[in-house]
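Biologist: I would like a close look at a single strand and what surrounds it. Please begin with its neighbour on one side and work outward from there.

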Amino acid sequence: MHEFSIAEALAAQVALYAPAGGRVLEVEIRVGALRGLEPEAMRMCWDAVTYQTPLAGSNLLMDARPWSLACPACGREWESPVPFVDCECGEQSPNPTADDELLLVAISTEDDVPAGTAASTEAPR
Amino acid sequence: MSIGPNASTRLPIEARVLDVNDSIAAETRADLGRRGIFTVDIIGAPGSGKTALLEATLRELRGRRHPAVLVGDLTTRRDGDRLARWCDRVVQISTGQGCHLEAHQIREALKQVDLEGVDLLLIENVGNLICPVGFDLGQSVKVGVFATTEGEDKAAKHPYLVQSADLLLLNKIDLMPHLSFDRAVFESDVRLLNPNVPLLDVSATTGEGLRAWLDWLDSTNV
């Protein structure tokens with residue numbers, strides 16, 4: 001299950017980028033269709049990997065990018081979650097392309113430090 | 001924005017999740033490139049004949065090329081032992097629970113091989129058509145192995161391997177008369193996903209088609 005290795009790598013990346021002290025609430029990733037990442041499996045692995053760590057309970061938001069399809073017969077272009085689909089015009093072999101991007105897009109952290117304290121002025125790194 | 005307790009701050013990042021793996025792979029690629037070693041990552045399902053294909057390949061390359069082999073498996077040294085009969089530079093990598101090889105495992109395994117004089121590094125990945133594909137190892141090329149016994153739908157079901165492979169081998173071609181494998185469907189699925197990838201029919205056991213595979217290895221450079 002490659003979701004587990006990816007979740008481990010993601011947790012390490014999040015730990016690297018998350019500002020010190022702020023509890024991580026949400027982690028956003030963007031995943032190209034070529035990666036074949038199952039959102040359900042990915043969330044399960046994320047929960048397992050972050051269990052009893054400072055990231056425990058954080059919510060993984062996965063933006064699963066679709067396949068792009070181009071019909072060689074009628075020229076129609078559209079997106080689909082699966083690569084092999086017929087075109088509306090009846091053409092059975094539209095060309096499927098997809099990206100293999102796998103990006104940590106953003107981290108949302110809880111602001112539990114009262115405004116005006118020294119800690120809140122620390123720049124995230 | 002910090003507007004008091006329970007508010008949250010969203011920090012945009014845009015970083016590659018597998019950045020650490022990819023960095024190690026890039027170092028390995030540069031090192032192997034400097035040494036003039038052509039590196040092949042061989043990916044296929046369990047039972048597709050990867051080890052048999054490597055045995056036949058090593059046998060044919062004797063006296064002509066100077067290969068080293070890394071072979072990944074969850075457990076056992078059986079594949080490594082089989083390959084060691086044909087090549088004196090073989091490292092078995094036990095991945096434990098890991099369903100694929102990662103760049104750091106290749107870096108560590110390479111420390112156990114004398115690379116002096118080596119011109120070809122063959123990496124047999126863990127038997128799996130999905131997980132290994134997304135992990136860069138520092139290879140020069142990626143070769144996908146399918147087998148006629150797996151059915152003609154395997155290319156369509158594994159688009160990442162088909163789209164990212166530099167060469168595809170269809171193994172166990174000698175068994176075609178005994179199977180209902182529809183080669184036309186297999187090939188049209190491959191072509192839809194990757195119009196230009198070379199696709200070679202081979203049989204590791206009879207030797208059919210091996211010449212074209214060996215020629216491809218010889219003519220494809222670092």
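How many bridges join β7(B) to β8(B)?

Modeller: Three bridges join β7(B) to β8(B), and the two strands run parallel. This is a predicted model, in which local features need pLDDT of at least 70 and side-chain atom pairs count only at pLDDT 80 or more, while totals for chains, interfaces and linings use all residues. Residues are numbered from 1 along each chain as its sequence is written, and chains are lettered from A and ligands numbered from 1 in the order in which they are written. Strands here are DSSP runs of E with at least two residues, helices are runs of H or I with at least four, and both are numbered from the N terminus. Two strands count as paired if DSSP finds at least two bridges between them.

On the β8(B) side, B:L170 of β7(B) stands opposite B:D201. B:L170 also has B:F146 opposite it, and B:G144 stands opposite B:L168. The strand behind those two pairs is β6 of chain B (residues 141-147), which is joined to β7 of chain B (residues 167-171) by five bridges in the parallel sense. Four of the five residues of β7(B) are buried, so the strand is largely enclosed by the rest of the structure; buried means that 20 or more other C-beta atoms, placed from the backbone, lie within 10 Å of the residue's own.

The sheet is open, with seven parallel strands of chain B in the order β4-β3-β5-β2-β6-β7-β8. Its edges are β4 (90-94) and β8 (199-201) of chain B; each has a single partner strand, so one side of each is left without a neighbour in the sheet. On average, neighbouring strands are turned by 20 degrees against each other, direction ignored. Helix α4 (residues 103-110) of chain B packs on this sheet, touching β3 (67-73), β4 and β5 (120-124) of chain B, and its direction makes about 140 degrees with that of β4(B). Axes are lines fitted to C-alpha atoms, for helices over the stretch in contact, with angles from 0 to 180 degrees between N-to-C directions.

As for the chain around the sheet, chain B has eight helices and eight strands. Its C-alpha atoms fill a box of roughly 75 × 45 × 35 Å along the principal axes, and 45% of its 222 residues count as buried. Contact means C-beta atoms, placed from the backbone, within 7 Å. Among contacts in chain B with a separation of 6 or more, 75% come from residues 24 or more positions apart.

β1 of chain B is not listed in that sheet order; β1(B) pairs in the antiparallel sense with strand β6 (residues 102-111) of chain A, over eight bridges. There, A:T109 has B:T9 as its bridge partner. In total, 29 residues of chain B are in contact with 34 residues of chain A. On the chain B side, β1 (7-16), α1 (19-34), α6 (159-164) and α7 (183-193) each supply at least two residues, and β1(B) gives the most, with ten. That side divides into 17 nonpolar, eight polar and four charged residues, where Ala, Val, Leu, Ile, Met, Phe, Trp, Tyr, Cys and Pro count as nonpolar, Asp, Glu, Lys and Arg as charged, and the others, Gly among them, as polar.

Key:
Two residues are in contact if their C-beta atoms, placed from the backbone, lie within 7 Å. A residue is buried if 20 or more other C-beta atoms lie within 10 Å of its own, exposed if 12 or fewer, and partly exposed in between; C-beta atoms are placed from the backbone.
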